[in-house]
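Colleague: Please take a close look at one ring-bearing side chain of this model and follow its connections outwards. A formal account that a first-year student can follow, with each term explained once, would be most welcome.

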Amino acid sequence: MKILQFYFCIIFLFSSAVKAQDTIQYNNPFSEARYHYFLKTILFFNEYLDTENGSYNTTQLRFLYPIGNKAWNLRFDLPLISANTNSDNKTGIGDVSAGISFIPYMQRNNGIALRARVVSNSASDPSFGSGKWVFIPTVFYGRYLQSKRYLWISSLEYQTSFAGSSSRNDINVTAFENVILWFFGRNWIAVDAAFRYNNTVKGFQNNAFLEFGRKITPDNLIYIHPSIAFGGQKSYNYGLEAGILILF
C-alpha cells in the first residue's frame, strides 16, 4: 500500500507539469531571498536540539539548483550529526536527501509550489537517521500581505516510509506549517508555527520559532532562530539554529 502511495504522489507531481508557465515572474512570493526558487543557492546552517536523552547538533549543507524555465528546482541535503548523551558522544553523516520542486501557478502576489523529496537510509550510525527510506510530498502556498511588506507561506506535508530496516518504526507524519516574514530594510523577522501529527506514536510533535535575519551583501544572508517544541509527543525541548545563505 505504501509503495502505491509513493507512485501516486510521483505521478501527481509530474502530471502537474503541463500547467507550467513558459516564463517565471521574478517579482513574486517565491523570489524572496530567504526562500528563493530561481537562483542557485547554498545554505549552510547549524541546529542544536536539546532532548530528554541529551542533545543533537546538526550541521547541514543544502544546495538548490533551478532547472528548465526555472519553474523547476532541485535540492540536495547533506547532514553531519553529533549526538551527545550521558553514555555516548559520537559524530557522523546523517540521512542524505534529494528533492525536486515545481511551480504550477504563479502571480505577482501569490503562488503555489509542489515538492517531492526522498530521504535515504544512509546514516553512518543508526542513531543519526530513521533507518528508513522516506518519501515527502509537500504543497506550498505563498502570498504577499499589505503591499508586500509581509510574506505568508503555508505548507502541507506528508512523510511516509516505503523501505528500510524492519526493526525501526515506520514514518507516518502529517505536518501543517505557517510562516509570516516581515521585511524592513535589509532585515527580516519571521514567526513560524508547525503542527505535526505522528501517526506512529499517536501524538503531536509541534514546534514554533522566531527568526531574525539580515542581508550582509545583496547575495549573502545570515539568520538565527530559536525554537521551542510542544505537544504530547514532542521530539525535543528547545533548539537554536543559525545559518548563512549564498545566492548566485
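Modeller: Phe 230 has a relative accessible area of 31%, so it is classed as partly exposed (buried means under 20% relative accessible area, exposed over 50%, and partly exposed in between, with a 1.4 Å probe and protein chains only). The model is a predicted one, in which local features need pLDDT of at least 70 and side-chain atom pairs count only at pLDDT 80 or more, while totals for chains, interfaces and linings use all residues. Residues are numbered from 1 along each chain as its sequence is written, and side-chain values use heavy atoms, with hydrogens and water left out.

The ring of Phe 230 belongs to a wider set, for a search of the whole structure finds nine aromatic pairs (rings of Phe, Tyr and Trp, the last by its six-membered ring, pair if their centres lie within 6.5 Å; planes under 30 degrees apart count as stacked, over 60 as edge-to-face and the rest as tilted). One of these pairs joins Phe 230 to Phe 195 in an edge-to-face arrangement, with 6.0 Å from centre to centre and 80° between the planes. Phe 195 lies in strand β10 (residues 187–198) and Phe 230 in strand β13, so their contact ties together parts that are 35 residues apart in sequence (helices, H or I of at least four residues, and strands, E of at least two, are DSSP runs numbered from the N terminus). Phe 195 has 40% relative accessibility and therefore counts as partly exposed. Tyr 197 and Phe 204 provide another example: their ring centres are 5.1 Å apart and their planes stand at 65°, so this pair too is edge-to-face. Tyr 197 is partly exposed at 30% relative accessibility, and Phe 204 is likewise partly exposed at 42%.

Lys 202 is found in the loop between β10 and β11 (203–204). Its phi is positive, about 60°, although it is not a glycine. Most residues other than glycine have a negative phi. With 55% relative accessibility, Lys 202 counts as exposed.

Strand β13 (220–230) also contributes to the surface, since it supplies at least two residues of a nonpolar patch, as do β12 (206–217) and β14 (238–247). The members of this patch are Tyr 48, Ile 180, Val 191, Leu 210, Phe 212, Ile 224, Ile 228, Tyr 238 and Leu 240, and together they have about 770 Å² of accessible area. Patches are made of residues with over 30% relative accessible area and no salt bridge, like charges being joined within 9 Å and nonpolar side chains (Val, Leu, Ile, Met, Phe, Trp, Tyr) within 5 Å; accessible areas come from the Shrake-Rupley method with a 1.4 Å probe, and for residues only the protein chains shown count as cover.

Tyr 48, one of the patch members, lies in strand β1 (residues 41–51) and is partly exposed at 31% relative accessibility. Strand β1 pairs with strand β2 (residues 54–67) in the antiparallel sense over eleven bridges (two strands pair if DSSP finds at least two bridges between them). Within β2, Asn 57 is the bridge partner of Tyr 48. The two strands form a hairpin with two residues between them.

Strand β12 leads to a charged contact. Glu 211 forms a salt bridge with Arg 34, their closest N and O atoms being 2.8 Å apart (a salt bridge is a side-chain nitrogen of Lys or Arg within 4 Å of a carboxyl oxygen of Asp or Glu). Glu 211 lies in β12 and Arg 34 in the loop between α1 (2–15) and β1, so the pair ties together parts that are 177 residues apart in sequence. Both residues are buried. Side chains of opposite charge can pair when their charged atoms come close.

Arg 34 also meets aromatic rings. Its charged end sits over the ring of Tyr 35, 5.2 Å from the centre, and Arg 34 lies over the face of Tyr 223 at 4.2 Å from the ring centre (a charge sits over a ring if NZ of Lys or CZ of Arg is within 6 Å of the ring centre and within 35 degrees of the ring normal). Elsewhere, ring pairs link Phe 30, Tyr 37 and Phe 38 into a cluster.
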